[in-house]
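Work through the exercises below with the sequence and the model open. Each task is followed by a solution in steps.

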Amino acid sequence: MNSQSSVVSHQLVPEKQRAGQIATKDTLIGKRIPKLDAPEKATGLARYIEDMKLPRMLYGKILFADRPHARIVNIDTAAAKAMRGVRAVITAADIELVPFGFGQDNTALKKDKVTCTRDEVAAVAADTPQIAAEAVSRIRVTYEDLPVVASTDEALAEGAPVIHAKTPDNVPFQFDYSHGDIEQGIRESDVILEDTYTLGRQAHCCLGTSGIIAHFEADGRLTLHSLTQVPFLYKNDLARIIGVAPEKIRIIQPPIGGGFGSKLDIHPFEPICVFLARATSRPVRLCFTREEEFRATPTRQPMVIHLKSGVRKDGTFTFRDVRMLLDNGGRTSWGATTPWISMRTFSSLYRVPHVRQHVDVVYTNNIYACAFRGYGNPQATFALESQVDSLAEVLDMDPLELRLKNAQKPGETTGQGMVLGTCGLADCLETATQHAGWGKKRRNVKTSKRQNVAAPNQPDRTSFSRDPMGSASTDLSSHRHIAHGIGMASLFHVGGGAKIYRSDGCGTILKLDDFGGVTVMTGSSEIGQGSETVIAQIVAEELGLSISNIRVINNDTELTPWDVGVHASRTTFIAGNSALRAARDARRKLINAAAARLKRKPDDLDLRGGKVVERSSGEPLESIGKIIRGLHFGRTKNELVMTTDFYEPPSTAPDKEQKGDISACYAFGTHVAEVEVDLETGVVKVLRICATHDVGRVINRLGIEGQVEGGIAQGIGYCLAEELKVEGGRVCNPSFTDYKLFSTTDLPELDVSFVETNDPAGPHGAKGIGESPLIPVAPAIANAIYNATGVRMTELPLTPERVLAKLKEAREKETISD
């Protein structure tokens, strides 16, 4: 994997300056800083939840329904309870059933009816995992099977079985949005296209499976070792379910083996573990096996998107009309709310005056979906950017030219009310295509698609291909059935959080010890994205210290201040701003104390390399530690250097029409993919991806490159291979043997570059980028496949079977036309 971007040297400020040495002005911003937790994880010292063991700890196990739709007639737990080493067996009859979840249609254990195979029926706590598993196998449940509703079409059919009595039409949620006048947009259009796009289920595939440890203290307080991404919201929501006051709940977050949105919601296994701990008066650990992780955790939201859009002859977009159908599954998690974000792509990726969107969320007896990196945007962007390319072809216009014509400029407000204070979309388009050699490598599909889809075994037809360097040729060699293509796609996403709660803020507590060591207590959680390193950089930069002087505490709600949680690409922007403001307050305190001690003006002093220096010359005057000790042990006044800050972004919640400036800033990006397609097998190989992102400003170059590379890897999997298959309500491939996941050895050459628009609201100008790199990968690859073969793919993933079927379909149509 070759990651290319502009080179910035990595030169840290020395921890100590020799007496009299001039302290030059250096910066940590933009440098390549290794993650602070990397040594602990690389050496195996990190203790994940599976490694943790408390005194007298028991092991929990859940009995899942394994029936898509059935009434529970009877549950016999006698055999399980009789086992030696079993300390508790619970069913819905043993606990208070409090509805929870976005749809208030879930409970910890199910009492009368199961609506999907992952529904939790009973649970066991035992001395060992083996005893717990055996006990679960001995629980006997009598079911009365009900008709299985396996698809949204079946759920919407007249006379369909009702899955939840309170929703007799099986449609628990609908979303509508519009701006402009669709009919006017249709009248103004010279070209109108429409198509249907089918997006399947992608599993999060976190290397660490779901798990929790619940422990009641002697005073009745509850401590949870939880992998949640939203500890403070989690505390409040869980309290209502388990009947414990939120102020008596402590959340400690162990190192997390992957999140990607899977840990934004409360899942039934978590209150179940608490109920087991309460029943046994002992700590209980409940961790999923890999098969349970596939079968019993939510996925990316499956969707069917029907998109109709128009354009004038000159390439000006006129309207978009969107209808979406979401398979909600048997319960509701955050997947049902993804239209809140997908609608913003349809309304605001490029300038479009007329937009209408209608969404139906439909109950079925399939497994349900939750938040996943991109939050509905990868699905929306696949449909939109595929159709943008189709419009360009009908207009006989370069797809780059069409996108540039409609790209927004800084200062514009979208039809949905989002203010684009900074906007690097056009720069991303131009930079990514320049790096990819777009003009040289792209060819006209109209003149070549007949040759590319020609049946490979016909000797009178040859394969027109383009090699990776861009030279077109009619190749009669052994590689004549390999077609090369290039395609692009762009993205629009939130870059500074999303105001979906009353507060989208984050708190920071910062304290300096007597020797210049800094402890930063931030509400923002570390879930592998590198937030603690970025926060340490920001603080170290402001206080003129080495990053090794900074310690970040972010995993214990009894120590850290409030934060809404890790989601919506918000951490660098919001937690970074909070840390920056707290550090600036500490800096002012230090500078003012130094000025009084040294008889200088505050404006003449600076903090560099652990010293108070003369700003103009860099001459060291005093160590920061000595200034702090002077404050602490002063003769007339004694004080500590401690500061706090709570940063609330200037975003606004959407109104009833779903309009509003929901994020403090917005992220843009463009990916260009080069592929080769084997016309005999349908196998697609991605050769190269050039990715350019508007990130405001790079804070940690090493970390941000890792985010982009990881997002691309996840996006390639989503595009080409990853599909959790569900038939008749049952998961068919619950293992890495059958669920195809790409590894680092499967990745193409990567060219990563950044556009720095320096957003004035961001810390040092930065925007968030956590989700963006995944979003445009699939449509860029699909557009490249079309460029190679003339075949438009509309259903993900683009497996060899699907690609080959489309190629054969195109050949058959061609034969008929001949």
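Two strands count as paired if DSSP finds at least two bridges between them. The model is predicted, and the exercises apply to it as such.

**Exercise 1. The four-stranded sheet**

Task: Give the strand order of the open sheet of four strands, and state which strands stand at its edges.

Solution.
Step 1. Following the pairing from strand to strand gives the order β18-β26-β27-β30, in an open sheet with mixed pairing.
Step 2. β18 (482-494) and β30 (749-755) each have a single partner strand, so they stand at the edges and one side of each lacks a neighbour in the sheet.
Step 3. Ignoring direction, neighbouring strands in this sheet are turned by 15° against each other on average.
Step 4. Strand pairing in a sheet runs through backbone hydrogen bonds and is either parallel or antiparallel. For β26 (residues 666-678) and β27 (residues 684-694) the sense is antiparallel, over ten bridges. To find a position in this register, take V675, which stands opposite V686 in β27.

Task: Which strands of this sheet does helix α12 lie across, and which does helix α19 lie across?

Solution.
Step 1. Helix α12 (residues 425-436) lies across β18, β26, β27 and β30, and runs at about 30° to β26.
Step 2. Helix α19 (residues 777-789) lies across β18, β26 and β27, at about 150° to β18.

**Exercise 2. The seven-stranded sheet**

Task: Set out the strand order of the open sheet of seven strands and identify its edges.

Solution.
Step 1. The order is β3-β5-β1-β12-β9-β10-β11, and the pairing is mixed.
Step 2. β3 (86-91) and β11 (249-252) pair on one side only, which marks them as the edge strands.
Step 3. From one strand to the next, the twist averages 20°.
Step 4. At the β3 end, β3 pairs with strand β5 (residues 120-126) in the antiparallel sense over five bridges. V89 has V124 in β5 as its bridge partner.
Step 5. Two helices can now be placed. Helix α3 (residues 129-137) lies across β1 (58-64), β3 and β5, at about 25° to β1. Helix α6 (residues 231-242) packs on the sheet and touches β9 (211-216), β10 (222-226) and β11, with its direction at about 135° to that of β11.

**Exercise 3. A helix pair**

Task: At what angle do helices α16 and α17 pack, and which residues meet?

Solution.
Step 1. The axes of α16 (residues 571-598) and α17 (residues 624-632) are 10 Å apart, and the packing angle is about 85°.
Step 2. Angles of 65 to 115 degrees count as roughly perpendicular, so α16 is roughly perpendicular to α17.
Step 3. On the α16 side the contact residues are L590, A593, A594 and R597; α17 brings I624, K626, I627, I628, G630 and L631.
Step 4. Sorted by class, the residues of this contact are seven nonpolar, one polar and two charged.

**Exercise 4. A cavity and a pocket**

Task: How many cavities of 30 Å³ or more are there, and what lines the largest cavity?

Solution.
Step 1. The count is seven cavities of 30 Å³ or more.
Step 2. The largest cavity holds about 130 Å³ of space. It is lined by 13 residues, of which H204, S210, E293, T297 and P298 are the closest to its centre.
Step 3. Helix α8 (residues 290-296) gives the most to this lining, with three residues. By class, the lining of the largest cavity has five nonpolar, five polar and three charged residues.

Task: Describe the lining of the second largest pocket.

Solution.
Step 1. The volume of the second largest pocket is about 560 Å³.
Step 2. Its lining has 25 residues, and E40, Q253, P255, N554 and N555 are the closest to the centre.
Step 3. α1 (38-42) and β21 (550-553) are the elements that give two or more residues. The largest share, four residues, comes from β21.
Step 4. The lining of the second largest pocket divides into twelve nonpolar, five polar and eight charged residues.

**Exercise 5. Backbone exceptions**

Task: Is the peptide bond from L796 to P797 cis or trans, and is the phi of F260 positive or negative?

Solution.
Step 1. Most peptide bonds are trans, and most residues other than glycine have a negative phi.
Step 2. The bond from L796 to P797 is cis, with omega near -5°. P797 lies in the loop between α19 and α20 (800-817).
Step 3. F260 is not a glycine, yet its phi is positive, about 55°. F260 is in the loop between β11 and α7 (269-280).

Technical notes:
Residues numbered from 1 in each chain as written. Predicted model: local features only at pLDDT ≥ 70, side-chain atom pairs only at ≥ 80, totals over all residues. Heavy atoms only, no water. Axes fitted to C-alpha atoms, helices over the stretch in contact; angles between N-to-C directions. Parallel < 35°, antiparallel > 145°, perpendicular 65-115°, else oblique. Contact = heavy atoms within 4.5 Å. Nonpolar A, V, L, I, M, F, W, Y, C, P; charged D, E, K, R; others polar. 1 Å grid on protein atoms, 1.4 Å probe; cavity = no way out; pocket = protein on both sides within 12 Å on 5 of 7 lines; lining within 4 Å. Points joined across faces, edges and corners; volume = space filled by probe spheres on them.
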